[in-house]
Amino acid sequence: MPDGSAAAEAAGKGPPHNIEAEQALLGALLVNNEVYDRVAAVVRPEHFYDPVHARIFEVAANRIQKNALASPVTLKPFFDEDEGLKALGGPAYLARLAGASISLFAARDYAQLVYDLAIRRELIVIGQDIAEKATRMELDREPRDQIVEAEQALYQLGEQGKVDKGFQSFLRAAYDAVQVANAAHQREGRLAGISTGLADLDGRLGGLHPSDLLILAGRPSMGKTSLATNIAFNIAKAYRRGMRPDGSEGAIEGGVVGFFSLEMSAEQLAARVLSEASRVPSDRVRRGDLTDEELVRFIEAAKTLEKCPLFIDDTPALPISTLAARARRLKRQHGLDALFVDYLHLAKAA
């Protein structure tokens with residue numbers, strides 16, 4: 001039921017859009033306000049291609065949230081002076097929308113279509129912005145900075161598509177709790193999370209879990225880096241891939257580890273790990289004061305651990321946005337089960 005400028009857009013080219021889907025969704029909303037509860041988590045006013053449709057959805061949503069009726073009649077006063085609606089036929093257009101409504105059960109599918117097309121348009125805008133910035137030569141902007149910005153923009157766009165889970169029944173929550181307990185029972189270490197390799201710490205934490213944010217604090221030279229390094233090494237050393245209880249494939253023991261070393265170089269960190277693995281004191285490694293037997297043990301430890309999924313980034317003073325972008329890249333390329341930052345306040349805020 002395209003009309004006026006909407007008809008021109010529907011028949012024309014331009015960015016991806018579907019005017020008919022927007023009209024059908026708005027019609028369903030105006031006929032049955034319960035549609036809003038089904039689509040509110042998926043689509044927002046800015047996802048509509050036609051700006052008039054965006055305003056209609058916004059006004060209708062505002063009234064529904066106030067427990068007021070949103071219908072062609074009740075919306076008419078809000079659009080008496082709307083030039084965009086006048087171009088589409090005025091208040092009669094609202095009535096025509098209601099006449100072309102779809103069923104309550106199909107509304108979410110139409111909302112998803114409107115959302116998907118909006119994301120495609122956003123991707124085009126981001127791509128054009130990347131190309132435009134790449135053609136400009138600026139002394140204070142390195143190409144690597146533009147890559148980080150592009151990754152950040154794409155990540156934020158991807159996050160928009162994540163719908164909150166909302167309420168769930170106690171039965172579902174109880175089932176998930178039983179699954180976690182069963183996974184812990186099946187594991188040799190009797191842990192629900194990833195083992196740190198330190199029995200006393202595992203006993204207190206129950207292992208490391210995906211939702212955990214743990215901060216290791218202490219006075220200088222108390223061994224914070226050494227402890228963090230040992231835990232990271234233990235997790236990576238125990239890594240074993242297989243089928244998880246939920247049917248997905250990933251780490252069933254240990255995990256892939258990312259380690260941001262903002263103060264110590266990757267070579268120094270690796271030397272610490274190898275020192276622990278070979279039982280050769282790190283101070284003697286630095287001085288080169290090793291016996292032939294210790295050197296052989298050190299080299300053998302390096303050979304044993306060469307396939308260990310421990311990835312080190314020793315770039316100093318990383319901005320938080322860059323740190324997050326690099327972690328996401330590691331997740332895509334190799335997987336990521338645990339992330340360490342040594343140490344946190346050396347990361348730049350921007």
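At what angle do the axes of helix 13 (residues 266-278) and helix 15 (residues 292-304) cross? The tour reaches that answer after a short overview of the whole chain.

**Overview**

The structure on display is a predicted model. Displayed as a cartoon, the protein comprises 16 helices and five strands. Of its 350 residues, 35% are buried. The exposed surface of the protein amounts to about 21300 Å², of which carbon and sulfur atoms supply 55%. For contacts between residues at least 6 apart in sequence, 63% connect residues at least 24 apart.

**Stop 1: helix 13 and helix 15**

Select residues 266-278 and residues 292-304, that is, helix 13 and helix 15. Their axes come within 9 Å and cross at roughly 110°. An angle from 65 to 115 degrees counts as roughly perpendicular, and helix 13 and helix 15 are therefore roughly perpendicular to each other. The crossing of this pair is right-handed.

Next, show side chains at the contact. Helix 13 contributes A271, L274, S275, A277 and S278, while helix 15 contributes R297, F298, A301 and A302. Sorted by class, the contact of helix 13 with helix 15 holds six nonpolar, two polar and one charged residues.

**Stop 2: R279, after helix 13**

Move on to R279, which is located in the loop between helix 13 and helix 14 (282-287). Is R279 buried or exposed? Its relative accessible area is 62%, so R279 is exposed. A distance label may be added here: the C-alpha atoms of R279 and A301 are 9.5 Å apart, with their positions 22 residues apart in sequence. A301 is also one of the helix 15 residues in the contact with helix 13.

**Stop 3: helix 12 against helix 13**

Keep helix 13 selected and add helix 12, residues 224-237. The two helices pack at an angle of about 70°, and their axes are 10 Å apart. Helix 12 is therefore roughly perpendicular to helix 13. On the helix 12 side, the contact is made by T225, S226, T229, N230 and F233; on the helix 13 side, by L269, R272, V273, E276 and A277. Its composition by class is four nonpolar, four polar and two charged residues. A277 of helix 13 thus appears in this contact and also in the contact with helix 15.

**Stop 4: L310 in strand 4**

Which residues does L310 touch, not counting residues up to four places away in sequence? Select L310, which belongs to strand 4, and display its surroundings. The residues touched by L310 are A232, A236, V257, F259 and V273. V273 has already been met among the helix 13 residues that contact helix 12. F259 is 51 residues from L310 along the chain, yet the separation of their C-alpha atoms is 7.3 Å.

**Stop 5: helix 2 and helix 4**

Now turn to residues 19-31, helix 2, and residues 51-65, helix 4. Their packing angle is about 20°, with the axes 11 Å apart. Angles under 35 degrees count as roughly parallel; helix 2 and helix 4 are therefore roughly parallel to each other. Helix 2 passes helix 4 in a left-handed crossing.

With side chains shown, I19, E22, Q23, L26, L29 and L30 of helix 2 can be seen meeting H53, I56, F57, A60 and I64 of helix 4. By class, this contact of helix 2 with helix 4 includes eight nonpolar, two polar and one charged residues.

**Stop 6: backbone geometry**

The last selections concern the backbone. Most residues other than glycine have a negative phi, and most peptide bonds are trans.

Select N67 in the loop between helix 4 and helix 5 (72-75). N67 is not a glycine, yet its phi is positive, about 60°. With 76% relative accessibility, N67 counts as exposed.

Continue to A317, in the loop between strand 4 (310-313) and helix 16 (320-334). Here too phi is positive, near 50°, in a residue other than glycine. A317 is partly exposed, its relative accessible area being 36%.

Finally, which peptide bond is cis, with omega near -5°? Select D342 and Y343: the bond from D342 to Y343 has this geometry. Y343 is placed in the segment after strand 5 (338-342).

Technical notes. Residues numbered from 1 in each chain as written. Predicted model: local features only at pLDDT ≥ 70, side-chain atom pairs only at ≥ 80, totals over all residues. Heavy atoms only, no water. Axes fitted to C-alpha atoms, helices over the stretch in contact; angles between N-to-C directions. Helix = DSSP H or I, 4+ residues; strand = E, 2+ residues; numbered from the N terminus. Parallel < 35°, antiparallel > 145°, perpendicular 65-115°, else oblique. Left-handed = near helix turned anticlockwise from the far one by under 90°. Contact = heavy atoms within 4.5 Å. Nonpolar A, V, L, I, M, F, W, Y, C, P; charged D, E, K, R; others polar. Buried < 20%, exposed > 50% of the residue type's maximum accessible area, 1.4 Å probe, protein only. Areas by Shrake-Rupley, 256 points an atom, 1.4 Å probe, with all protein chains shown as cover.
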